[in-house]
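Q: Please take a close look at the helix packing in this model. Then work outward to the individual residues worth checking.

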Amino acid sequence: MSEEAMRLRALAKINLGLDILGKRDDGYHEVRMIMQTIQMYDVLELHRSKTPGISLVTNLPFVPSDERNLVYKAAKLLMDEFHVEEGISMKLDKSIPVAAGMAGGSSDAAAAFVGVNRLFNLGLSERELMERAVKVGADVPYCVMRGTALAEGIGEKLTWIPQVPKCYILVGKPGVNVSTKMAYENLHLDEIKERPDIDGMIQDITNGDLYAMVSKMGNVFEPGIIGRYPVIQEIKDLMEANGALKAMMSGSGPTVFGIFDDAEKMEKAAAILRESHLAKTVFATETYNREGGFANDK
């Protein structure tokens with residue numbers, strides 16, 4: 001496409017480890033998470049327009065196309081700050097499940113930040129985009145950055161980690177939606193029995209030891225959400241019975257992902273999961289990794 005237009009992939013994320021340390025005075029929760037981008041994505045097309053203003057269309061009727069949409073918010077934030085007089089029209093084609101714990105909306109917003117920055121030659125670095133992205137949502141700075149990262153604070157303090165060892169990811173989302181609000185309502189901090197070993201995982205990733213990393217994974221949201229939706233446990237069990245080294249809920253759920261060390265094993269497990277009808281969305285893919293440092297490489 002020309003510099004008047006752009007087509008960007010907004011990649012989904014999974015949480016390899018998710019720990020909640022406590023509630024802060026401002027009402028947010030203090031988190032420690034290992035985030036990982038995967039090769040599952042929405043597509044955002046952006047076109048410069050001589051007519052001022054922002055227009056957004058989506059392929060899903062229930063996804064808003066006004067200021068309630070994070071894509072719209074991100075574009076507006078940059079265009080207002082830099083007094084962009086031209087307009088922009090955007091088309092969002094969603095494939096990442098909605099309300100699934102995969103940061104689909106946050107990744108779409110990140111693509112809007114990157115796209116508007118490029119289309120209008122605003123000259124912002126990745127770090128400068130990430131500083132603005134947190135105003136739209138806690139996961140958005142990570143979605144600008146992508147790759148493997150430790151997220152702390154409310155999720156906005158990011159430390160890049162050398163890429164996760166080679167593996168294959170099977171995604172299964174049951175036909176239920178879980179809001180982050182519901183996940184926190186079902187989380188009792190004083191009752192958490194098992195936590196992921198985040199520091200140990202970082203060491204294992206750095207050492208390139210997939211099997212050691214997998215043994216330390218965990219998500220403290222799981223017990224509360226599985227208690228409400230037992231199908232999540234059924235999907236986990238099915239994946240692990242069919243070759244997953246570990247299957248776990250991503251983020252606040254309900255999506256489950258399984259980590260495999262072999263692509264053929266993953267494809268076989270995907271076929272079995274589809275036949276089971278436990279999951280509404282089944283997607284077999286692999287991780288996305290960035291080669292060190294920061295690079296605005298949408």
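A: Helix 2 and helix 3, the latter spanning residues 126-133, pack in this predicted model with an angle of about 130 degrees between them and their axes 10 Å apart. Helix 2 is therefore oblique to helix 3: the angle falls short of the 145 degrees above which a pair would count as roughly antiparallel. The two cross in a right-handed sense. From helix 2, the contact uses Phe-113, Val-114 and Asn-117. Helix 3 answers with Leu-129, Arg-132 and Ala-133. Sorted by class, this contact has 4 nonpolar, 1 polar and 1 charged residues.

Now turn to the other partner of helix 2. Helix 1 covers residues 70-81, and helix 2 covers residues 104-119. Their axes lie 8 Å apart, at an angle of about 30 degrees. Angles under 35 degrees count as roughly parallel, so helix 1 and helix 2 fall in that class. This crossing is right-handed. Helix 1 brings Leu-70, Val-71, Ala-74, Ala-75, Leu-77, Leu-78 and Met-79 to the contact. Helix 2 brings Gly-105, Ser-106, Asp-108, Ala-109, Ala-112, Phe-113, Val-116 and Asn-117. The tally for this contact is 11 nonpolar, 3 polar and 1 charged residues.

Two residues link these pictures. Phe-113 and Asn-117 are listed in the contact of helix 2 with helix 1. Phe-113 and Asn-117 are also listed where helix 2 meets helix 3.

Ser-106 deserves its own look. It sits in helix 2 and belongs to the contact with helix 1. Ser-106 is buried, because its relative accessibility is 12% and the limit for buried is 20%. Beyond its sequence neighbours within four places, Ser-106 touches Leu-70, Asp-139, Val-140 and Cys-143. Ser-106 and Ala-133 are 27 residues apart along the chain, and their C-alpha atoms are 9.2 Å apart. That same Ala-133 is one of the helix 3 residues that meet helix 2.

Next, the loops that flank these helices. Asn-121 is in the loop between helix 2 and helix 3. Its phi is near 50 degrees, a positive value in a residue that is not glycine. Asn-121 is exposed, at 64% relative accessibility. His-83 sits in the loop that runs from helix 1 to strand 4 (87-93). The phi of His-83 is also positive, near 50 degrees, again in a residue other than glycine. His-83 is exposed at 65%.

Now some distances from this region. Asn-121 and Tyr-28 are 93 residues apart in sequence, and 35 Å separates their C-alpha atoms. Tyr-28 lies in the loop between strand 1 (5-23) and strand 2 (29-49). It is partly exposed, with a relative accessible area of 48%. Past four places in sequence, Tyr-28 touches Gly-22, Lys-23 and Ile-154. Then there is Pro-223, in helix 8 (residues 222-228). Pro-223 is exposed, at 63%. Its C-alpha atom is 39 Å from that of Gly-115, 108 residues away along the chain.

Where do buried polar side chains find partners? Start with Arg-146, whose side chain reaches the backbone oxygen of Arg-9 at 3.4 Å. The Arg-146 side chain also makes a polar contact with the side chain of Tyr-288, at 3.4 Å. Arg-146 lies in the loop between helix 4 (140-145) and strand 5 (148-153). It is buried, with 3% relative accessible area.

Thr-255 is buried too, at 1% relative accessibility. Its side chain reaches the backbone oxygen of Ala-100 at 2.8 Å. Outside its neighbours within four places in sequence, Thr-255 has contacts that include Ala-100, Met-102, Val-171, Gly-172, Lys-173 and Pro-174. Met-248, Met-249 and Ser-250 are also in contact with Thr-255. Thr-255 is in the loop between strand 9 (246-249) and strand 10 (256-260).

That loop also holds Pro-254. A cis peptide bond joins Gly-253 to Pro-254, with omega about 5 degrees.

Notes: Residues numbered from 1 in each chain as written. Predicted model: local features only at pLDDT ≥ 70, side-chain atom pairs only at ≥ 80, totals over all residues. Heavy atoms only, no water. Axes fitted to C-alpha atoms, helices over the stretch in contact; angles between N-to-C directions. Helix = DSSP H or I, 4+ residues; strand = E, 2+ residues; numbered from the N terminus. Parallel < 35°, antiparallel > 145°, perpendicular 65-115°, else oblique. Left-handed = near helix turned anticlockwise from the far one by under 90°. Contact = heavy atoms within 4.5 Å. Nonpolar A, V, L, I, M, F, W, Y, C, P; charged D, E, K, R; others polar. Buried < 20%, exposed > 50% of the residue type's maximum accessible area, 1.4 Å probe, protein only. Polar contact = N/O pair within 3.5 Å; in protein donor to acceptor, adjacent residues only side chain to side chain.
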